[in-house]
Structures are given as structure tokens and as C-alpha cells.
Amino acid sequence: MSEYELLDAYASFTSMMQGSLTLYLSVVTGYLIVAYTVGRQLSTLQVVVISTLFLVFSSGFLVGAQTSMAELIRLSDEI
């Protein structure tokens, strides 16, 4: 890869990592707002479903950010 292609890939992975972290913070904020405002009114099944969705999505976004960071480290070594 040329230097330009490496820098372009680096910028792309930086953007993807920032997007993943932004989505993670959005999911955490939404979960906390729901838990605070209507948490006591939810049934056990609703709590389980919301908590499971939170864990799945937040894990996915964190894995995406970690993968992008690993690729950034590899690209920076190559640059």
C-alpha cells in the first residue's frame, strides 16, 4: 500500500471507531434514561428484554471500537 492509502485507511478506521463509541454512549444514555424514568413500572419480562438488548448492542459497539483500534495500531506501525 502507498502512504496515501495507509493514511486514508487510518482516517477511515478512526471515523469508524468514533462512530462505534458514539453509538455506545447513545445506547448507555438511552438505557439509563429508561431505567430511571420508567424502571419501576416495567414488568420482569420487559426488564429482561431491555437489558438483553442493551448488552447485545453495547457489546457489539465496544467490539467494533476495539477492532477499529487494533487496526489503527497495525496501520500506524505500517506507516
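These exercises work through helices, ring pairs, salt bridges and surface in a predicted model.

**Exercise 1. Compare the span of helix α1 with the expected value.**

Solution.
- Step 1. Count residues. Helix α1 has 36 of them, running over residues 3–38.
- Step 2. Get the expected span. The rule is 1.5 Å times one less than the number of residues. For α1 that should give 52 Å.
- Step 3. Compare. The end C-alpha atoms of α1 are 52 Å apart, which agrees.

**Exercise 2. Do the comparison for helix α2.**

Solution.
- Step 1. Helix α2 covers residues 44–78, and it has 35 residues.
- Step 2. The expected span is 51 Å at 1.5 Å a residue.
- Step 3. From its first C-alpha to its last, α2 reaches 51 Å, close to that expectation.

**Exercise 3. Find the buried residues of each helix and say what they pack against.**

Solution.
- Step 1. Apply the cut-off. Buried means under 20% relative accessible area.
- Step 2. List α1. L6, A9, M17, S20 and V28 are buried there.
- Step 3. List α2. The buried residues are S51, F54, S58, F61, A65, S68, L72 and L75.
- Step 4. Look for the cover. The buried residues of α1 pack against α2. In turn, α1 is among what covers the buried residues of α2.
- Step 5. Take one example. S58 lies in helix α2. At 5% relative accessibility, S58 is buried. Leaving aside neighbours within four places in sequence, S58 is in contact with Y24 and V27.

**Exercise 4. How far apart are the C-alpha atoms of A11 and L72?**

Solution.
- Step 1. Place both residues. A11 is in helix α1, while L72 is one of the buried residues of α2.
- Step 2. Check the sequence. A11 and L72 are 61 residues apart along the chain.
- Step 3. Check space. Their C-alpha atoms are separated by 8.8 Å.
- Step 4. Add exposure. A11 has a relative accessible area of 44%, so it is partly exposed.

**Exercise 5. Classify the aromatic pairs of the structure.**

Solution.
- Step 1. Choose the descriptors. A pair of aromatic rings is described by the distance of the centres and the angle of the planes.
- Step 2. Count. There are 2 aromatic pairs.
- Step 3. Take Y31 and F54. The ring centres are 4.3 Å apart and the planes stand at 20°. Stacked requires planes under 30 degrees apart, so Y31 and F54 are stacked.
- Step 4. Locate that pair. It links distant parts of the chain, with Y31 in helix α1 and F54 in helix α2, 23 residues apart.
- Step 5. Check its exposure. Y31 is partly exposed, at 26% relative accessible area. F54 counts as buried, at 18%.
- Step 6. Take F57 and F61. Their centres lie 6.4 Å apart and their planes are at 35°, so this pair is tilted.
- Step 7. Locate that pair. F57 and F61 both lie in helix α2, 4 residues apart, about one turn of the helix.
- Step 8. Check its exposure. F57 is partly exposed at 44% relative accessibility, whereas F61 is buried at 18%.

**Exercise 6. Which residues do salt bridges join into one network?**

Solution.
- Step 1. Recall the principle. Side chains of opposite charge can pair when their charged atoms come close.
- Step 2. Count. The structure holds 2 salt bridges.
- Step 3. Take E71 and R74. Their closest N and O atoms are 2.5 Å apart. These residues sit 3 apart in helix α2, so about one helical turn separates them.
- Step 4. Take R74 and E78. The N to O distance is 2.9 Å. These two are 4 residues apart in helix α2, again about one helical turn.
- Step 5. Join the bridges. Shared partners link E71, R74 and E78 into one network.
- Step 6. Check exposure. R74 is partly exposed at 40% relative accessibility. E78 is also partly exposed, at 40%.
- Step 7. Relate spacing to geometry. An α-helix has 3.6 residues a turn, so residues three or four places apart point the same way.

**Exercise 7. Which residues form a nonpolar patch on the surface?**

Solution.
- Step 1. Apply the cut-off. Patch residues need over 30% relative accessible area.
- Step 2. Test two members. L45, in helix α2, is exposed at 62%. F57 has 44%.
- Step 3. Name the patch. L45, V49, L53, V56 and F57 form it.
- Step 4. State its area. Together these residues have about 490 Å² of accessible area.

Technical notes
Residues numbered from 1 in each chain as written. Predicted model: local features only at pLDDT ≥ 70, side-chain atom pairs only at ≥ 80, totals over all residues. Heavy atoms only, no water. Phe/Tyr/Trp six-rings, centres within 6.5 Å; stacked < 30°, edge-to-face > 60°. Buried < 20%, exposed > 50% of the residue type's maximum accessible area, 1.4 Å probe, protein only. Contact = heavy atoms within 4.5 Å. Salt bridge = Lys/Arg side-chain N within 4 Å of Asp/Glu carboxyl O. Patch = residues over 30% accessible without salt bridge, like charges linked within 9 Å, V, L, I, M, F, W, Y side chains within 5 Å. Areas by Shrake-Rupley, 256 points an atom, 1.4 Å probe, with all protein chains shown as cover.
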